[in-house]
Structures are given as structure tokens and as C-alpha cells.
Amino acid sequence: MKIGILTSGGDCPGLNAVIRGAVLKGDRVFGSQFVGFRFGWRGVVEGDFVHLDRHSVRGLSKQGGTILGSSRTNPFDGEYGGPDNIRAMLKRNSIDAIIAVGGEGTLTAAGRLSESGIPVVGVPKTIDNDLAATDYSFGFDTAVEIATEAIDRVRTTAESHERCIVVEVMGRHAGWIALHAGMAAGAHAILIPEQPLTIETVCDWVINVRDRGRAPVIVVAEGFRFESMDQAYSDKGLDAFNRPRLGGIADRLAPLIEEKTGIESRSTAVGFAQRGGVPSAYDRVLATRLGMAAVDAAEASRWGSMVALKGTDIVTVSIAEATHAPKQVPPERYHEASLLFG
Ligand code: F6P
């Protein structure tokens with residue numbers, strides 16, 4: 001079988017480990033051949049790919065980013081997009097199957113293509129950890145480590161200057177990175193999309209912390225909104241899947257805190273550092289196992305399926321299960337953490 005792999009959407013640490021796991025297992029166990037589509041769905045739509053063999057994936061599991069490149073191209077858009085064109089491109093190049101490594105946008109597109117008869121298997125990737133039907137997605141563990149280190153570092157400068165510092169982390173409409181990094185670093189409050197609050201509640205926590213002689217460190221997820229807001233703060237337009245680009249809530253929050261409490265307040269965002277650099281050992285192992293399992297699923301013609309982590313096992317679920325609704329932080333996880341706020 002000749003399999004085309006693509007990595008699409010926002011990149012994350014561990015993508016190269018998936019590619020390596022898939023190619024090594026396919027080569028050794030099934031005698032599969034591989035190509036890598038360049039820049040996600042864009043490579044599929046344009047028929048742009050490179051050949052992958054054992055040699056091309058040597059030493060890859062620790063390498064950040066993706067050797068194939070990534071983009072947020074929607075495979076249904078443009079003159080050469082859509083199932084008919086993609087089917088023709090696969091046939092022209094004798095490619096039997098696609099392994100699509102991506103998050104919600106990528107996998108939703110993969111699911112639609114599979115419903116149209118394109119042979120696709122999905123692999124969940126996202127630092128946001130917001131895909132349902134998998135306990136964790138690779139990239140999340142690394143992102144939490146990076147965000148935790150950033151918050152630890154912010155804390156010492158906040159203490160030196162007796163400032164409140166608001167640290168913004170990624171996560172789209174899920175608060176997983178904020179919750180885990182905030183708990184790990186002992187943040188004085190964690191603000192997540194699943195739990196809208198009032199500015200008064202946040203300021204009460206800030207004042208409490210200051211009154212105990214500490215410098216308040218607040219972690220805010222980019223998708224957080226106040227109770228008074230209809231949706232998350234966004235001033236950067238839409239992505240290719242018509243989803244708002246988030247980011248900037250910390251810059252809004254810090255001046256509000258300063259105005260209402262009189263405590264000097266600053267903001268900072270951890271930003272793309274959360275997606276860059278070498279994957280953690282946990283993410284390398286998870287990504288390698290998922291890549292190997294994706295080849296099993298393709299060789300077994302389980303089209304429309306996605307490989308996933310359940311407990312410590314790698315299982316196969318349907319892409320639809322993973323994408324029908326985002327996996328958000330349950331209230332009990334937030335309430336457990338919030339006992340330590342303020
Ligand atoms: O989904 C991963 C992610 O990093 C989100 O946390 C963030 O909102 C988004 O991607 C940023 O996307 P872009 O790379 O298009 O700016």
C-alpha cells in the first residue's frame with residue numbers, strides 16, 4: 001500500500017515522531033511505501049509531495065515542528081479542492097490512502113472527505129488537548145511544560161516589582177493548558193473559557209493575594225471571556241475554517257485590574273513558544289505509538305477512523321466521535337483548582 005501522510009493546522013511538538021513511527025512500522029511490518037504531502041491539505045490539493053523512506057525519518061522523534069510543513073488550508077476550497085479532484089490526484093499518483101495528522105479543523109475535513117469515499121485515517125494532534133475521544137493528544141504535555149516554566153519565571157519578576165502579572169496561554173476554546181500549567185506553577189487564579197467570571201471576582205482574588213504580601217500571578221486562557229461578553233476576545237479575523245483567531249485577552253485584563261485595584265498590573269503572552277521546540281518524552285512516545293497505530297488502521301482499511309489514547313492503550317475510534325464537540329474542562333476539575341485561588 002502507498003500511503004500519503006500530511007500534517008495540517010497549527011503545528012505542535014511530536015508531529016515528526018508520528019511520521020517516523022508510521023514510516024518505520026509500515027516499512028518493517030507491511031512493506032508499505034510512503035509519501036509526505038507538503039504543507040498539509042495544500043499538498044493534497046496541489047499534488048505536492050515528497051517520498052519518505054526509513055532514511056528520511058532517521059532521528060526525527062525529538063525534532064520539533066514538522067519536516068512536511070503545515071498550513072491551515074481547507075481541502076474543500078479552491079479550484080483543485082474537493083473530493084473529486086483529490087480522488088483524481090490520488091489515482092494519478094497511485095496513492096492508496098491518506099493519514100491526516102491534525103486537530104479539529106483538519107480532522108473535520110478528513111471526516112468529510114472520508115464520507116465522500118476518500119480513504120483517510122486520522123491522528124489527533126493539538127497542544128489544546130480539546131479533541132474528544134482521546135484522553136490526551138500529543139503536544140499538550142510539551143505545551144504545559146513550556147507554559148509552566150514561563151509562569152514560574154514571571155512569578156519572580158512579579159515579586160521583585162510587587163506587580164500583578166497576567167499570563168496568557170493558548171488553548172482555543174478549551175482551558176486545559178491554562179488549568180494544568182496554572183496548577184503546576186501555583187497561579188493565584190486561572191481563567192478558562194469554560195468558566196466565565198466577572199472582573200470583580202478576579203479583582204477580589206488579586207487583592208487577597210496582595211494583602212497576603214504576595215505578587216498576584218493570573219493565568220488566562222486565550223478563549224476566556226467575562227460573563228458580560230458573548231464570545232471570546234478576538235481582533236485578528238478568521239482562519240481558513242472560519243474560526244476566530246484568538247489572543248489578546250491578557251492585554252485587556254491587566255489594565256482593568258490596575259484600574260479597579262490600584263495594583264500595578266502587566267500582561268504577557270507565552271504565545272508560539274508553546275508549540276515550538278523539542279517534544280517532551282511523553283509526547284514522543286504517544287506520537288510514535290499513534291503513528292504506528294495509524295498504519296495498522298490504514299492497512300486494515302479502517303477509513304474514517306482515528307487512532308486515540310484511552311488510558312494507556314491506543315485504540316481506534318471514528319473521526320466523527322472526535323470532532324462532534326470539543327473536549328472541554330469539566331466543572332469539577334475547575335472547582336478543584338479554584339479552591340486554591342486568591
Ligand atoms: O490549535 C493550536 C493553536 O495554537 C491554538 O491554541 C491557537 O488559538 C491557534 O492554534 C493559533 O493559530 P495560528 O497558528 O493560526 O495563529
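This report describes the two domains of a predicted model, the contacts between them, its salt bridges and a few single residues.

The model is predicted, so local features are given only where pLDDT is at least 70 and side-chain atom pairs count only at pLDDT 80 or more, whereas totals for chains, interfaces and linings use all residues. Residues are numbered from 1 along each chain as its sequence is written, and side-chain values use heavy atoms, with hydrogens and water left out.

**Domains and their interface**

The domain assignment of the protein chain gives domain 1 (2-138 + 279-323) and domain 2 (140-276), such bounds coming from an automatic or database domain assignment. The C-alpha centres of the two domains lie 32 Å apart, and 24 residues of domain 1 are in contact with 18 residues of domain 2, where contact means heavy atoms within 4.5 Å. Between them the domains bury about 1,700 Å², 54% of it on carbon and sulfur atoms; buried area is the accessible area (1.4 Å probe) that two parts lose on being put together, summed over both. On the side of domain 1, Arg72, Ile127 and Asp128 lose the most area to domain 2, together 38% of what that side buries.

Between domain 1 and domain 2 there are 7 residue pairs in polar contact, with both residues at pLDDT 80 or more. A polar contact is a pair of N or O atoms within 3.5 Å; within protein, one must be able to donate a hydrogen and the other to accept it, and residues adjacent in sequence count only if both atoms are side-chain atoms. Helix H4 (104-115) and H9 are the elements that give two or more residues to the side of domain 1 that touches domain 2, and H4 provides the largest share, 4 residues. Helices (H or I, at least four residues) and strands (E, at least two) are DSSP runs, numbered from the N terminus.

**Salt bridges**

The structure holds 14 salt bridges, each defined as a side-chain nitrogen of Lys or Arg within 4 Å of a carboxyl oxygen of Asp or Glu. Across the interface of domain 1 and domain 2 the rule finds 2 salt bridges. The table lists some of the pairs in the structure.

| Pair | Closest N to O |
|---|---|
| Arg243 and Glu104 | 2.8 Å |
| Arg243 and Asp239 | 3.0 Å |
| Glu264 and Arg163 | 3.2 Å |
| Glu336 and Arg333 | 3.5 Å |

Glu104, Asp239 and Arg243 are linked in a network of salt bridges. Within that network Arg243 counts as buried at 14% relative accessibility, as does Asp239 at 7%; buried means under 20% relative accessible area, exposed over 50% and partly exposed in between (1.4 Å probe, protein chains only).

In the salt bridge of Glu264 with Arg163, Glu264 lies in the loop between helix H8 (249-261) and strand E9 (265-269) and Arg163 in the loop between H5 and strand E6 (164-169), so the pair ties together parts that are 101 residues apart in sequence. Glu264 is partly exposed at 32%, whereas Arg163 is buried at 17%. Glu336 and Arg333, by contrast, are 3 residues apart in helix H11 (residues 331-338) and are separated by about one helical turn.

**A buried loop residue**

Thr126 lies in the loop between strand E5 (120-124) and helix H5 (140-161) and is buried, with a relative accessible area of 8%. The side chain of Thr126 reaches the backbone nitrogen of Asp128 at 2.8 Å.
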